[in-house]
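Open the model in your viewer and keep the sequence panel in sight. Each stop below gives you something to select, then tells you what is there.

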Amino acid sequence: MGTNTPIDNESVRALAALLDETNLTEIEYAVGDVRIRVARTAQAVAYHPAPSHTALPQAQPSAAAASDADDPGAVTSPMVGVTYMAPEPGAPKFVNAGDIVSEGQTVMLIEAMKTFNPIRAPRAGKVTRILVTDGQPVEFGEPLLIIE
């Protein structure tokens, strides 16, 4: 910014608030020659509230996890997030091992960026194994459950 341009404190505050609301790490706003950039420090970005039973960093996938991903009935995670087995705390689970599911039925939720995304059964069948637990962080492509 040139020495002739005063700092617009209100714009900086509004951008900082927007940064907090959206969980972005950086916002830049420009009008003409005036440019304002607001960014979080690495320490602020590293804070992510997580269930207390979550252990980070994650261990490397075991050979069993790799074989589960190769199972023809494996339902894999379409995103990085945290699994939830019920629609809300204290509610019954969407599915249990041994349940018969229909195609399109919600089998769990994955929370990503404060949005709960339903994971639906890609086909009808019997849930033979559930490979994740409630509140567990998962990676893209990680096997969640087996439907045979």
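**Stop 1: Leu109**

Start by selecting Leu109 and the residues around it. Beyond four places in sequence, Leu109 touches Val82, Thr83, Tyr84, Ala86, Pro87, Phe94, Phe116, Asn117 and Pro118. Leu109 sits in strand β6. Now draw a distance from Leu109 to Ala86. Their C-alpha atoms are 7.5 Å apart, although 23 residues separate the two along the chain. Is Leu109 buried or exposed? Its relative accessibility is 12%, so it counts as buried; the cut-off for buried is under 20%.

**Stop 2: the whole chain**

Zoom out and colour by confidence. This is a predicted model. The mean pLDDT is 78, and 73% of the residues score at least 70. Confidence peaks in β8, at 95, and is lowest in helix α2 (residues 42–46), at a mean of 39. Select residues 42–60 next. Here pLDDT stays under 50, and the model has eight contacts beyond four places in sequence for this stretch.

Switch to a cartoon view. The protein has three helices and ten strands. Along the sequence they follow the pattern α-β-β-α-α-β-β-β-β-β-β-β-β. Of the 148 residues, 28% count as buried. Show the surface: about 9900 Å² is exposed, with carbon and sulfur atoms supplying 55% of it. Among contacts with a separation of 6 or more, 54% join residues 24 or more positions apart.

**Stop 3: the β1–β2 hairpin**

Select residues 26–31 and 34–39. These are strands β1 and β2, which run antiparallel and are joined by six bridges. Ala30 stands opposite Arg35 in β2. The two strands form a hairpin with two residues between them. Click Gly32 in the turn: its phi is positive, about 65°.

**Stop 4: the sheet with β6**

Return to β6 and show its neighbours. Four strands make an open sheet in the order β7-β6-β4-β9, with antiparallel pairing. Which strands stand at the edges? They are β7 (115–120) and β9 (137–138); each has a single partner strand, so one side of each is left without a neighbour in the sheet.

Follow β6 into β7. Six bridges join these antiparallel strands. Ala112 has Thr115 in β7 as its bridge partner. Now select the loop between β6 and β7, where you will find Met113 and Lys114. Most residues other than glycine have a negative phi. Met113 is not a glycine, yet its phi is positive, about 55°. Lys114 is another non-glycine with a positive phi, about 65°. Met113 is exposed, with a relative accessible area of 74%. Lys114 also counts as exposed, at 60% relative accessibility.

**Stop 5: the sheet with β10**

Hide that sheet and show another. This open sheet has four strands in the order β3-β10-β8-β5, with antiparallel pairing. Its edge strands are β3 (74–76) and β5 (100–101), each pairing on one side only. Pick out β8, residues 125–130. Three bridges pair it with β10 in the antiparallel sense. One pair to display is Ile130 with its bridge partner Leu145 in β10.

**Stop 6: the nonpolar core**

Bring everything back and show side chains. In soluble globular proteins, nonpolar side chains tend to be buried together. The largest nonpolar core here has 15 residues. Select those with the most contacts inside it: Val101, Val107, Met108, Ile119, Leu144, Leu145 and Ile147. Strands β6 (106–112) and β10 (143–147) each supply at least two residues of this core.

Centre on Leu144. Beyond four places in sequence, its contacts include Val75, Met108, Ile110, Ile119, Ile130, Leu131, Val132 and Val138. Ser77 is also among the residues that Leu144 touches. That serine is the last stop.

**Stop 7: Ser77**

Select Ser77, in the loop between β3 and β4 (81–84). Ser77 is buried, with a relative accessible area of 2%. Look for a partner to its side chain. A polar atom there lies 2.5 Å from the backbone oxygen of Met79. Finish by displaying the residues Ser77 touches beyond four places in sequence: Ile110, Val138, Glu139, Phe140, Gly141, Glu142 and Leu144.

Note on methods
Residues numbered from 1 in each chain as written. Predicted model: local features only at pLDDT ≥ 70, side-chain atom pairs only at ≥ 80, totals over all residues. Heavy atoms only, no water. Core = buried A, V, L, I, M, F, W, Y, C linked by side-chain atoms within 4.5 Å. Buried < 20%, exposed > 50% of the residue type's maximum accessible area, 1.4 Å probe, protein only. Contact = heavy atoms within 4.5 Å. Pairing = 2+ DSSP bridges. Areas by Shrake-Rupley, 256 points an atom, 1.4 Å probe, with all protein chains shown as cover. Polar contact = N/O pair within 3.5 Å; in protein donor to acceptor, adjacent residues only side chain to side chain. pLDDT = per-residue confidence, 0-100.
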